[in-house]
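Let's walk through this structure together, one region at a time. Keep the view open beside the text so that you can find each residue as we come to it.

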Amino acid sequence: MKPIDVRLISSEKIEQAKTKLMLENPYFGTLSTSIELRINNNIASFRPLGDILEYNSEYIDVLSVNEVSTILANSAMHQALFHSDRGKDKVTSVWNLASDYAINDLLVDNGFMLPPMANYASRFEMLYAEEIYQILLGELDLKDDNEPIEEEQKEQMKEEDIQEELLVQEEYELLLEQLNIKLQKHGDLPKGIERFVDSTKESKISWRDELYRYVNSHAKSDYRMFPPSKKHLYRGIALPSIYGEELKIVVAIDTSASIDDELLRLFLSELYEIMQVFTHYVIELIECDASIQNIQTLTPMERLEPTLKGGGGTDFRPVFDYLENINDDFRFLIYFTDGKGSFPKYIPLIDTLWVMNQREDVPFGEFLDLGS
């Protein structure tokens, strides 16, 4: 009896998956037609490499057609969003993981079935790759030492390298333009893909990245390297196993008359994102104008239900007076405000990050400009 050729079985299954993808998800199906498929039985599962998808034929053989369709869609999105080129100035293994989390969240949101060993975590829901990348850097206590290329360095680069870099950027900008046009006119793009377009806005990436760096630096995590996390070993990445992770912070929101509804929504959306990222947290939410209007202790079991009472003047002192008199080990304070108010005359013991929509002098703590 002849042995079964697994490569033929996997090839047939891939063709079935392509057909299914084109019929049921034509957007992803069209993108996947530009992907070159390559067997590599030295890897455990599959690996997107720009416009190439490497896969282990035995791994594909045990998957359903639906799961193979997901792999094709995943690879197509990595290529369409130029993730390989966008990750050149980042820690490669962490960037690959972050972009995979973002894409798989999009696919799950659109009803795809993830295959075994796929990178997915509900805490990264609706986050874009740059946000996830900064979170992972903080959790792993890594430094992103690769700085953007300086002008004098560009002058030393070969002319063909410069032209290639410009071409990639032009292609990516063209893709974003096309996505925006389709979103505005047709609305027939996959659910949730608009966040991949929004994620290129530099003002949004810059201050949010810094905010998540601050939050991660104050989160308590316990890691161990042996045994490493099995979830990512198939990608050749040995990440530590996480025993436990706790975020314990205070978030104060300025509800004074100088804060308009749009700014309040922005403050609350950032608080909500923080709550989505961390699985274990205790957040003391304080709403304050000239005095404290509401206090809510948030945990994974508690819903975010702000009252947004206020509308008076701005005084930061009641928040710090309250924190001086409670017996609880909160790690630091994020104060969302426009900065126009009365500060304490003393330097509080709690680390403070002032998140403001414009530059204001602060007597203590660190400052983060929402417009940077």
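**A guided tour of the fold**

Let's begin with a pair of strands: β2 and strand β3 (residues 52-55) run antiparallel and are joined by four bridges. If you want one residue pair to orient yourself, take Phe46, whose bridge partner in β3 is Tyr55. Bear in mind as you look that this is a predicted model.

Now widen the view to the sheet around these strands. It is an open sheet of three strands in the order β1-β3-β2, and its pairing is mixed. The edges are formed by β1 (36-39) and β2 (46-49), each of which pairs on one side only. From one strand to the next, the twist averages 20°. As a general reminder, strands of a sheet pair through backbone hydrogen bonds, and they may do so in parallel or antiparallel fashion.

What packs on this sheet? Helix α4 (residues 65-80) does, touching β1, β2 and β3, and its direction makes about 25° with that of β2. A good residue to select here is Ser75, which lies in helix α4. Its relative accessible area is 0%, so Ser75 counts as buried. Setting aside neighbours within four places in sequence, Ser75 is in contact with Ile35, Pro48, Gly50, Ile52 and Leu53.

Next, move along the chain to helix α6 (residues 92-109). This helix has 18 residues, and the distance from its first C-alpha to its last is 26 Å, close to the 26 Å expected at 1.5 Å a residue. Is α6 enclosed or open? Because 13 of its 18 residues are buried, α6 is largely enclosed by the rest of the structure. Just after α6 comes Gly111, with a positive phi of about 85°.

Stay with the backbone a little longer and look at the loop between α6 and α7, where you will find Met117. Most residues other than glycine have a negative phi. Met117, although not a glycine, has a positive phi of about 75°. Its relative accessibility is 35%, so Met117 counts as partly exposed.

The side chains of this region deserve a look too. A search of the whole structure finds 14 aromatic pairs. One of them brings together Trp95 and Tyr133: the ring centres are 6.0 Å apart and the planes lie at 70°, so the pair is edge-to-face. This pair links distant parts of the chain, since Trp95 sits in helix α6 and Tyr133 in helix α7 (residues 129-139), 38 residues apart. Trp95 and Tyr133 are both buried.

Which residue lies over the face of Trp95? It is Lys90, at 4.9 Å from the ring centre. Lys90 also lies over the face of Tyr133, here at 5.8 Å from the ring centre. Try displaying these three side chains together.

For another aromatic pair, turn to Phe320 and Phe364. They too are edge-to-face, with 5.3 Å from centre to centre and 85° between the planes. This pair also links distant parts of the chain: Phe320 belongs to helix α13 (residues 317-324), while Phe364 lies in the loop between β9 (351-356) and β10 (366-369), 44 residues away. Both Phe320 and Phe364 are buried. They also belong to a cluster in which ring pairs link Phe316, Phe320, Tyr335, Phe343, Trp354 and Phe364.

One more strand pair completes the tour of individual elements. Strand β6 (residues 281-288) is mostly covered, with seven of its eight residues buried. Its partner is strand β7 (residues 292-298): the two run antiparallel and are joined by six bridges. Ile286 offers a handy reference point, as its bridge partner in β7 is Ile295. Together β6 and β7 form a hairpin, with three residues between them.

Finally, step back to see the protein as a whole. There are 13 helices and ten strands. Of the 372 residues in the protein, 46% are buried. Among contacts between residues at least 6 apart in sequence, 60% join residues at least 24 apart. The ring pair of Trp95 and Tyr133 and that of Phe320 and Phe364 are two links between distant parts of the chain that you can revisit in the view.

Technical notes:
Residues numbered from 1 in each chain as written. Predicted model: local features only at pLDDT ≥ 70, side-chain atom pairs only at ≥ 80, totals over all residues. Heavy atoms only, no water. Expected span 1.5 Å × (residues − 1). Buried < 20%, exposed > 50% of the residue type's maximum accessible area, 1.4 Å probe, protein only. Phe/Tyr/Trp six-rings, centres within 6.5 Å; stacked < 30°, edge-to-face > 60°. Lys NZ or Arg CZ within 6 Å of the ring centre and 35° of its normal. Pairing = 2+ DSSP bridges. Axes fitted to C-alpha atoms, helices over the stretch in contact; angles between N-to-C directions. Contact = heavy atoms within 4.5 Å.
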